[in-house]
Every structure is written in C-alpha cells, then in structure tokens.
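Subject: Handover of a structure and notes on its contents

Dear colleague,

Please find below the structure that I am handing over to you. My notes on it come directly after.

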Amino acid sequence: MIYDTKNVQVVWRGQTLSGFGHTKINISQGSVPSMELVFGIFGEFFNCPLLGRYWSVKSAFLPNSAAYRMLENDNLARTQGTLVIRDLNLGTSDIFYNCFISSIGDKKDSDSRIVIWTCAKRNLM
C-alpha cells in the first residue's frame, strides 16, 4: 500500500509529523517462516507454528526537519509507540500498534533520510 504525503496526516506517539522528503509512504507486510522444527531431548520432533507477521512502514524525511530530529532521538532511545496514518481524502485511518523505528537512512544522503518503522499489529478492533 502506498500513501501520498500530500493527502495524509502521520502521527507518531501523539505528535503530528511534517517535513517529508519524498511524496510517498510505503506500507508492506512481512513474515518470518511460519513453521519451526522443534526437537525434544529424546529425539522426538514436531512442527511449531509461528505467528511472525509484522508491518513495515517506510517514509523519507528532510534531514533538517524537527520531525526527523525527534525520530532520530526515538531511534536511539529505542522508543515504542503507536503510528497513525490518516487519509484526509477518504477519511480513513491505519493504526499501527507496538511500533519501533528499526532503521534510519544513511547520513551520506543529504536530500532525505529514510525512516522505517516495524509494527506488530495493524487496525485492532
């Protein structure tokens, strides 16, 4: 799923973010292998299901924006929180829970820095 930053409002831990470097926010879903082979002490074995799905939200920010400085501090402090993306045209919201910033772009890129959130759950009811 891709959002256009001109038509959305992004809220991280209750603060509205601004200063986007690119016009797109990319949301994707990933997973770890869904089964793991477990061996017992007597040589017995079975397959254990893993519920390892996660969401990844990727956006770019200008390196001199206040939002980027806050996100960089949250990354260093390993802060967790809730990420909300509101589509202002449709009036819908995607809410991501138990998020943390898993990656911040390389400082070599002077135009913008990529911030990637990894989230455990999306749109709980």
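The following paragraphs go from the overall fold to single residues.

Please bear in mind throughout that this is a predicted model.

Overall composition

The protein chain contains one helix and 10 strands. Read from the N terminus, its elements follow the order β-β-β-β-β-β-β-α-β-β-β. Of the 125 residues in the chain, 34% are buried. The chain exposes about 7,900 Å², and carbon and sulfur atoms supply 54% of that area. Among contacts with a separation of 6 or more, 61% are between residues 24 or more positions apart.

The sheet

Eight strands make up an open sheet, arranged in the order 1-4-7-10-9-8-2-3 with antiparallel pairing. Strand 1 (2-4) and strand 3 are the edge strands, since each of them pairs on one side only. As a general point, the strands of a sheet pair through backbone hydrogen bonds, in either a parallel or an antiparallel manner.

Three of the pairings deserve a description of their own. Strand 4 (residues 24-31) runs antiparallel to strand 7, and six bridges join the two. In this pairing, S31 has R53 of strand 7 as its bridge partner. Strand 7 is in turn joined to strand 10 by seven bridges, again in the antiparallel sense. Here S59 stands opposite V115 of strand 10. Strand 10 also pairs with strand 9, antiparallel and over seven bridges. The bridge partner of F96 in strand 10 is R122, a residue that returns below as a member of a salt bridge.

The helix

Where does helix 1 lie, and at what angle does it run to strand 9? Helix 1 lies across strand 2, strand 3, strand 7 (53-61), strand 9 and strand 10, and its direction is at about 65 degrees to that of strand 9.

Salt bridges

The structure holds two salt bridges. One of them is formed by R13 and D74, whose closest N and O atoms are 3.2 Å apart. R13 is in the loop between strand 2 (8-12) and strand 3 (15-16), whereas D74 belongs to helix 1 (residues 66-76), so this pair ties together parts that are 61 residues apart in sequence. R13 is partly exposed, with a relative accessible area of 39%. D74, at 7% relative accessibility, falls under the 20% limit and therefore counts as buried.

The other salt bridge joins R122 and D94, with 2.9 Å between the closest N and O atoms. R122 lies in strand 10 (residues 113-122) and D94 in strand 9 (residues 92-104), so the pair ties together parts that are 28 residues apart in sequence. R122 counts as partly exposed, at 22% relative accessibility, while D94 is buried, with a relative accessible area of 4%.

Surroundings of T79 and I95

Two further residues add detail to these regions.

T79 is placed in the loop between helix 1 and strand 8 (80-87). Is T79 buried or exposed? With a relative accessible area of 18%, T79 is buried. Leaving aside residues up to four places away in sequence, T79 touches W12, R13, D74, C99 and F100. Its contacts thus include R13 and D74, the two members of a salt bridge described above.

I95 lies in strand 9 and counts as partly exposed, at 26% relative accessibility. Beyond residues up to four places away in sequence, I95 touches T82, L83, V84, K121, R122 and N123. The C-alpha atoms of I95 and N123 are 5.1 Å apart in space, although 28 residues separate the two in sequence.

A nonpolar surface patch

L37, F39 and F45 make a nonpolar surface patch of about 360 Å². Within this patch, F39 belongs to strand 5 (residues 35-39). F39 has a relative accessible area of 57%; because this is over the 50% limit, F39 is classed as exposed.

In brief, I would draw your attention to the open sheet of eight strands, to helix 1 lying across five named strands, among them strand 9 and strand 10, and to the salt bridges R13 with D74 and R122 with D94.

With kind regards

Conventions. Residues numbered from 1 in each chain as written. Predicted model: local features only at pLDDT ≥ 70, side-chain atom pairs only at ≥ 80, totals over all residues. Heavy atoms only, no water. Patch = residues over 30% accessible without salt bridge, like charges linked within 9 Å, V, L, I, M, F, W, Y side chains within 5 Å. Areas by Shrake-Rupley, 256 points an atom, 1.4 Å probe, with all protein chains shown as cover. Salt bridge = Lys/Arg side-chain N within 4 Å of Asp/Glu carboxyl O. Helix = DSSP H or I, 4+ residues; strand = E, 2+ residues; numbered from the N terminus. Buried < 20%, exposed > 50% of the residue type's maximum accessible area, 1.4 Å probe, protein only. Pairing = 2+ DSSP bridges. Contact = heavy atoms within 4.5 Å. Axes fitted to C-alpha atoms, helices over the stretch in contact; angles between N-to-C directions.
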